[in-house]
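Subject: Structure handover

Hello,

Here is the structure for your work. Please look it over before reading the notes below it.

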Amino acid sequence: MNSRRDFLQKLGLSALALQLVPYSGWAAGTDKTEQVYDGPVLRVAIMGLGGYGTIVAEAMRKCTKAKLVGVISGTPSKVKAWQSKYGIPEKNCYNYENFDNIKNNPDIDAVYVITPNGLHHDFVIRVAAAGKHAICEKPMAVNAKEGQEMVDACKKADVKLLVGYRMHFEPKTLEVIRMRQTGEFGKIRFFQGQCGFTIGDPTQWRLNKKLAGGGSMMDIGIYAINGSRYMTGEEPIWVTAQETKTDTVKFKEGVDETIQFQFGFPSGAVASCLSTYNMNNLDRFFLDGEKGFAEMQPSTGYGPIKGRTHLGELNQPVTTHQTVQMDEMCEIIFNNKKPVVPVNGEEGVKDLKIIDAIYLAVKTGKKVEISV
Ligand code: NDP
């Protein structure tokens, strides 16, 4: 752990200058009066310098409580480029063979694993063994068993395990959750989650069963699953599911193209969801209650998220999701802050148990009971 004061002091800034440095913790959120942040700073190494790793790194430039200080990569040219772009010292650069040595590096608090899904399990377990907190992208693993092993490993090593559920910090999403919790929609009856896009390059890892763990469900359908849980506030108790595959060359055995699935919840509410790699313009949530509704479109993209309820437009601030997520994760790791919707490993395992059940329902054609 290191404080922002330490960082700034290393930069040679005086106490007076510190007073004048604005607190930008809300820069991506509400327009609060500027104030100095002098709490702990989460020093993060990103593992996997690909598309999403780059988005996270750029968003972290605006963080107040988290800082990118290291990289773990299999591509030396990217490491060089990131070093000069983000001022990362040589001693904080690792590859997949030697990153266990991070245990001897006191300048890194956490590793953010942003590699293909099938690699999350082994990498997170090695991060935990090195005594570092682990942040892992969704899906946290390729099945619930692996997810639970990651939770257990982090518990044993006494480090935190968090999953990159950025929507759990998104203001319009949180407003809908608040409205549901305070009964403004009345009794929830129905949720609809539609998540998908048309996937390109057939050779990419997302279409490789070993690296992806499945197909669209693992990658984008998980938003409908996770969303159905935080929007309704309930855990599903059964699922039925149907798969459609129009291209068996692109979407090989074990790589789902389109799955429709339905949940039942303890209250009697139901959900109807679609996950696909073969349709665009699908990023929509609809929540229906006895007294009102919420509709969000886009509902889980990088933003801006848009939505309305029976009371009108949602006008909460537009944020950079990953900036807010990383600042909040600092609070969770160092101050045990409890987010409105959890982002811990157990939360990730719940989604994986549901994904396991969806795949079983597709395979058997039967209604599958779920216990998360
Ligand atoms: P990319 O393919 O763009 O990047 C993955 C990176 O992982 C590569 O660039 C590479 O980095 C590293 N890597 C290590 N081993 C392999 C391997 N065998 N094959 C391919 N890459 C490898 O993927 P994304 O960044 O889009 O996705 C990474 C993770 O982030 C996934 O789990 C995905 O689900 C998640 N994600 C989450 C999003 C969100 O909004 N929360 C959005 C997008 C993705 P290097 O060269 O440095 O080793």
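The notes below go through an annotated domain, the strands around S3, a second sheet region and a cavity search.

Please keep in mind that this is a predicted model.

Annotated domain

An unreviewed UniProt entry carries the annotation "domain: Gfo/Idh/MocA-like oxidoreductase N-terminal" for residues 42-165. Within residues 42-165, helix makes up 36% of the chain and strand 21%. The C-alpha atoms at the two ends of that range are 18 Å apart.

Strands around S3

Strand S3 spans residues 66-72, and 6 of its 7 residues are buried, which leaves the strand mostly covered. S3 pairs with strand S2 (residues 40-47) in the parallel sense, over 6 bridges. Within this pairing, Lys67 of S3 has Arg43 opposite. Helix H3 (residues 51-60) belongs with S2 and S3 to a β-α-β unit, and that unit is right-handed.

S3 also pairs with strand S4 (residues 93-94), again in the parallel sense, over 2 bridges. Here Ile72 has Tyr94 in S4 as its bridge partner. Between S3 and S4 the chain passes through helix H4 (residues 76-86), in a right-handed β-α-β crossover.

The nine-stranded sheet

Further along, an open sheet of 9 strands has the order S15-S14-S13-S12-S8-S11-S10-S9-S16, with mixed pairing. Its edges are strand S15 (312-313) and strand S16 (368-369); each has a single partner strand, so one side of each has no neighbour in the sheet. As a general point, the strands of a sheet pair through backbone hydrogen bonds, either parallel or antiparallel.

One pairing in this sheet can be given in detail. Strand S12 (residues 282-289) and strand S13 (residues 293-296) run antiparallel and are joined by 4 bridges. One of the residue pairs there is Phe285 with its bridge partner Met296 in S13.

Cavity search

How many cavities of 30 Å³ or more does a search of the whole structure find? The search returns 1. The space in the largest cavity is about 40 Å³. Its lining consists of Lys138, Tyr165, Arg166, Met167, Ile222, Tyr223 and Asn226. By class, the lining residues of the largest cavity are 4 nonpolar, 1 polar and 2 charged. Tyr165, one of the lining residues, is also the last position of the annotated range, residues 42-165.

Regards

Conventions:
Residues numbered from 1 in each chain as written. Predicted model: local features only at pLDDT ≥ 70, side-chain atom pairs only at ≥ 80, totals over all residues. Heavy atoms only, no water. 1 Å grid on protein atoms, 1.4 Å probe; cavity = no way out; pocket = protein on both sides within 12 Å on 5 of 7 lines; lining within 4 Å. Points joined across faces, edges and corners; volume = space filled by probe spheres on them. Nonpolar A, V, L, I, M, F, W, Y, C, P; charged D, E, K, R; others polar. Buried < 20%, exposed > 50% of the residue type's maximum accessible area, 1.4 Å probe, protein only. Pairing = 2+ DSSP bridges. Right-handed = clockwise from strand over helix to strand, strands pointing away. UniProt positions renumbered as here; feature names shortened; annotations may be inferred.
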